[in-house]
Amino acid sequence: MKTMIVFSDVHYDRYTLSRIENIMDEADYIVFTGDGISSIVDYMDKYDKKMYIVKGNCDPYDFDRELTLQVEGVKFFVTHGDKYSVKSGLDNLSYRAEELGCDVALFGHTHQSTIEKLGNVTLINSGSLSLPADFNKTYCYIVVNNEKFFAKLVKIS
């Protein structure tokens, strides 16, 4: 069994990020889906071996725009989402994840947390740690075990 924490759109809110540090300590995988890479620089060295980062549309850094990650038989597609026009719908994102043979697509960009299934792909947006669309700062906690996964959106109060 492996655990993951997924978060996005930090946009310089280091205070809220520090409030989930204990969960990052315990997680087997930390996935950041972009926008605010400069805010997580301090964590990159600390969590080097378990941190996966993609560049968002507001990040000037030289990181990949997407990646895939295999955990306990579940394949994850990780991207910020702007390249797939996620503010207009999730079809393009779902098609790309299917094309890559992924079970789950992790994304951000909309600042709106959601977990939904489209075709054969579960689409998960962890929301935003700094500027959430619905005023609820959230991250996603995922447990993966034997080719199955459970995802939960968690509000930060």
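Here a colleague questions a modeller about two sheets, their strands and the aromatic pairs of a predicted model.

Colleague: What makes S1 and S9 a strand pair?

Modeller: Two strands pair if DSSP finds at least two bridges between them. Five bridges join S1 to S9, residues 138–145, so by that cut-off they pair. The two run antiparallel. Within this pairing, threonine 3 stands opposite valine 143 of S9.

Colleague: And how do you know that S1 pairs with S2?

Modeller: By the bridges again. Four of them link S1 to S2, residues 29–32, in the parallel sense. The cut-off is at least two, so S1 and S2 pair. Isoleucine 5 has isoleucine 30 in S2 as its bridge partner.

Colleague: Why is S1 called largely enclosed?

Modeller: S1 covers residues 2–7, and five of its six residues are buried, so the rest of the structure largely encloses the strand. Buried means under 20% relative accessible area.

Colleague: Which sheet holds S1, and why is the pairing called mixed?

Modeller: The sheet is open and has five strands, in the order S3-S2-S1-S9-S10. S1 and S2 pair in the parallel sense, whereas S1 and S9 run antiparallel. The pairing of this sheet is mixed.

Colleague: What makes S3 and S10 edge strands?

Modeller: Strand S3 (51–53) and strand S10 (148–155) each have a single partner strand, so one side of each has no neighbour in the sheet. On average, neighbouring strands here are turned by 20° against each other, direction ignored. S10 is joined to S9 by eight bridges, and the two run antiparallel. In S10, valine 154 is the bridge partner of tyrosine 139.

Colleague: Why is aspartate 9 called buried?

Modeller: Its relative accessible area is 0%, and the cut-off is under 20%, so aspartate 9 counts as buried. Aspartate 9 is placed in the loop between S1 and helix H1 (14–18).

Colleague: What is notable about phi at aspartate 9?

Modeller: Phi is near 50° there, a positive value in a residue other than glycine. Histidine 11 is found in the loop between S1 and H1. Histidine 11 is not a glycine either, and has a positive phi of about 45°.

Colleague: Why is the pair of phenylalanine 7 and phenylalanine 32 called tilted?

Modeller: The ring centres are 5.3 Å apart, and a pair needs them within 6.5 Å. The planes stand at 45°, so the pair is tilted: stacked needs under 30 degrees, edge-to-face over 60. Phenylalanine 7 lies in S1 and phenylalanine 32 in S2, so the pair ties together parts 25 residues apart in sequence. Both phenylalanine 7 and phenylalanine 32 are buried.

Colleague: What makes phenylalanine 77 and tyrosine 84 edge-to-face?

Modeller: Their planes stand at 80°, over the cut-off of 60, so the pair is edge-to-face. The ring centres are 5.9 Å apart. Phenylalanine 77 and tyrosine 84 are both buried. The count of aromatic pairs comes to four.

Colleague: Which strands form the edges in the order S4-S5-S6-S8-S7?

Modeller: This is an open sheet of five strands with mixed pairing. Strand S4 (66–71) and strand S7 (114–118) are the edges, each pairing on one side only.

Colleague: How do you know that S4 pairs with S5?

Modeller: Six bridges connect S4 to S5, residues 74–79, in the antiparallel sense. The cut-off is at least two, so the strands pair. Valine 71 has valine 74 in S5 as its bridge partner.

Conventions: Residues are numbered from 1 along each chain as its sequence is written. This is a predicted model: local features need pLDDT of at least 70, side-chain atom pairs count only at pLDDT 80 or more; totals for chains, interfaces and linings use all residues. Side-chain values use heavy atoms; hydrogens and water are left out. Buried means under 20% relative accessible area, exposed over 50%, partly exposed in between (1.4 Å probe, protein chains only). Helices (H or I, at least four residues) and strands (E, at least two) are DSSP runs, numbered from the N terminus. Rings of Phe, Tyr and Trp (its six-membered ring) pair if their centres lie within 6.5 Å; planes under 30 degrees apart count as stacked, over 60 as edge-to-face and the rest as tilted. Axes are lines fitted to C-alpha atoms, for helices over the stretch in contact, and angles run from 0 to 180 degrees between N-to-C directions.
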